[in-house]
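Please open the structure in your viewer, colour it by chain, and keep a selection panel at hand. The stops below are meant to be followed in order.

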Amino acid sequence: MSDHGSITEPVDRQIIAATQAGLPLAPTPYDELAERIGIGADELRERMKRMLDLGIIRRIGAVPNHYALGVSANGMSVWDVDDEAVSRLGAEVGALDFVSHCYRRPRHLPSWPYNLFAMVHGRSRPEVEEKVAEIASLLGTSSRCHEILYSTRILKKTGLRIAA
Amino acid sequence: MKHQSIDETDRKIINALQGGFPISERPYLAAADRIEISEDELIARLERLVGERVLSRFGPMYDAEKMGGAVTLCAMAVPDDRFDEVADLVNSRREVAHNYARTHDLNMWFVVASDDPADLARIIAGIEADTGLKVFDFPKEEEFFIGLRVSA
């Protein structure tokens, strides 16, 4: 869980609500946002910098639509990794450039022995499988078994919704 | 396919701007300098890339947990003949942000997010009551660096 606590200031929530769908595509986007919210542009930039420093904003930039870029095979690879090694190895798997998300999560024994989840993207299932084989060789004998769960349908995708 | 409509400059923009967009007075100007195009051209291209859904959006990505909320990943094993009905029940909750069908006995995977961490257990219990199916909860125990590189 977070060490940073929650945002208590309503102005920050207004900024989040005003930017979660995107920044204005205009030469001075932060000035436009500040005017819309009714605060000074300097204050808005300072608050956004603070949120970036705290990790409340993960990053600012282009959010690609994988499917439109042809990266349409999405495999959730799941691994049963030694508990003593999972933190060290998870960091190595997460650093691979074809892994978009990497987490340690609880097992649900006996049916679910996997404790490391790594999302792998590729243009086809064979490409995903090649990448998963790279992860397998990185993990070596520290991983007892793994599976790939492919997504076959998006049933819902609304993303984050914060009311101001 | 849509990606046939993107050219080399679009690729440069997508590859260079997946993070690190400045918080400054003229951020598009600074970013455009980095990829050696004009500010106007960068803005026009971003408008087109967002309009054509090559980009989902352009702007900040927020971390719901650091904002004080809570998120967990859940999965269910849904019988085939109930799949659509159960998907509707799960999706009808506004706290369910994403839901994917996947190839496994656990064939429905969804993310539950709430402003209030105490809500998650209540929502999961509600989904179990609505559907009569067990929900497996996979809260994140450790997060490793999230890559941000989709190469266009």
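How many of the 7 residues of strand 4 of chain A are buried? Select strand 4 of chain A in this predicted model, and you will find that 6 of its 7 residues are buried, so that the strand is mostly covered.

Keep strand 4 of chain A on display and add its two partners. On one hand, strand 2 of chain A runs antiparallel to strand 4 of chain A and is joined to it by 7 bridges; within strand 4 of chain A, the residue opposite A:Met76 is A:Met119. On the other hand, strand 3 of chain A pairs with strand 4 of chain A, again in the antiparallel sense, over 5 bridges, and here A:Cys102 stands opposite A:Ala118 of strand 4 of chain A. Now show helix 5 of chain A, residues 125-139, which lies across strand 2, strand 4 and strand 5 of chain A and runs at about 20 degrees to strand 2 of chain A.

Next, widen the view to the whole sheet, which is open, has 9 strands with antiparallel pairing, and follows the order 5(B)-2(B)-4(B)-3(B)-5(A)-2(A)-4(A)-3(A)-6(B). Its edges are strand 5 (136-138) and strand 6 (142-143) of chain B, each of which pairs on one side only. At the first of these edge strands, look for the 3 bridges that join strand 5 of chain B to strand 2 of chain B, residues 70-76, in an antiparallel arrangement; the bridge partner of B:Ala75 there is B:Phe136.

Move along the sheet to the place where strand 5 of chain A and strand 3 of chain B, residues 96-102, pair in the antiparallel sense over 5 bridges. Selecting A:Lys156 shows B:Asn99 of strand 3 of chain B standing opposite. Helix 4 of chain B, residues 83-91, lies across strand 5 of chain A together with strand 3 and strand 4 of chain B, and runs at about 160 degrees to strand 3 of chain B.

With both chains shown, select the contact between them, to which chain A gives 70 residues and chain B gives 65 residues. Several elements of chain A give two or more residues to the side that touches chain B, among them helix 1 (10-19), strand 1 (57-64) and helix 4 (86-94). The largest share of that side, 10 residues, comes from strand 5 of chain A, and by class the side of chain A comprises 35 nonpolar, 24 polar and 11 charged residues.

Turn now to a pair of helices in chain A. The axes of helix 2 (residues 29-37) and helix 3 (residues 41-54) of chain A come within 8 Å and cross at roughly 105 degrees, which makes the two helices roughly perpendicular. Residues A:Tyr30, A:Asp31, A:Leu33, A:Ala34 and A:Ile37 of helix 2 of chain A meet A:Ala41, A:Leu44 and A:Arg45 of helix 3 of chain A, a contact with 6 nonpolar, no polar and 2 charged residues.

For chain B, select helix 2 (residues 27-34) and helix 3 (residues 39-51), which pack at an angle of about 95 degrees with their axes 8 Å apart and are therefore roughly perpendicular to each other. The residues that meet are B:Tyr28, B:Leu29, B:Ala31 and B:Ala32 from helix 2 of chain B, and B:Glu39, B:Glu41, B:Leu42 and B:Ile43 from helix 3 of chain B.

The last stop is helix 5 of chain B, which is followed by B:Gly132, a residue whose phi is positive, near 70 degrees.

Terms used: Residues are numbered from 1 along each chain as its sequence is written. Chains are lettered from A and ligands numbered from 1 in the order in which they are written. This is a predicted model: local features need pLDDT of at least 70, side-chain atom pairs count only at pLDDT 80 or more; totals for chains, interfaces and linings use all residues. Helices (H or I, at least four residues) and strands (E, at least two) are DSSP runs, numbered from the N terminus. Axes are lines fitted to C-alpha atoms, for helices over the stretch in contact, and angles run from 0 to 180 degrees between N-to-C directions. Angles under 35 degrees count as roughly parallel, over 145 as roughly antiparallel, 65 to 115 as roughly perpendicular and the rest as oblique. Two residues are in contact if their C-beta atoms, placed from the backbone, lie within 7 Å. Ala, Val, Leu, Ile, Met, Phe, Trp, Tyr, Cys and Pro count as nonpolar, Asp, Glu, Lys and Arg as charged, and the others, Gly among them, as polar. Two strands pair if DSSP finds at least two bridges between them. A residue is buried if 20 or more other C-beta atoms lie within 10 Å of its own, exposed if 12 or fewer, and partly exposed in between; C-beta atoms are placed from the backbone.
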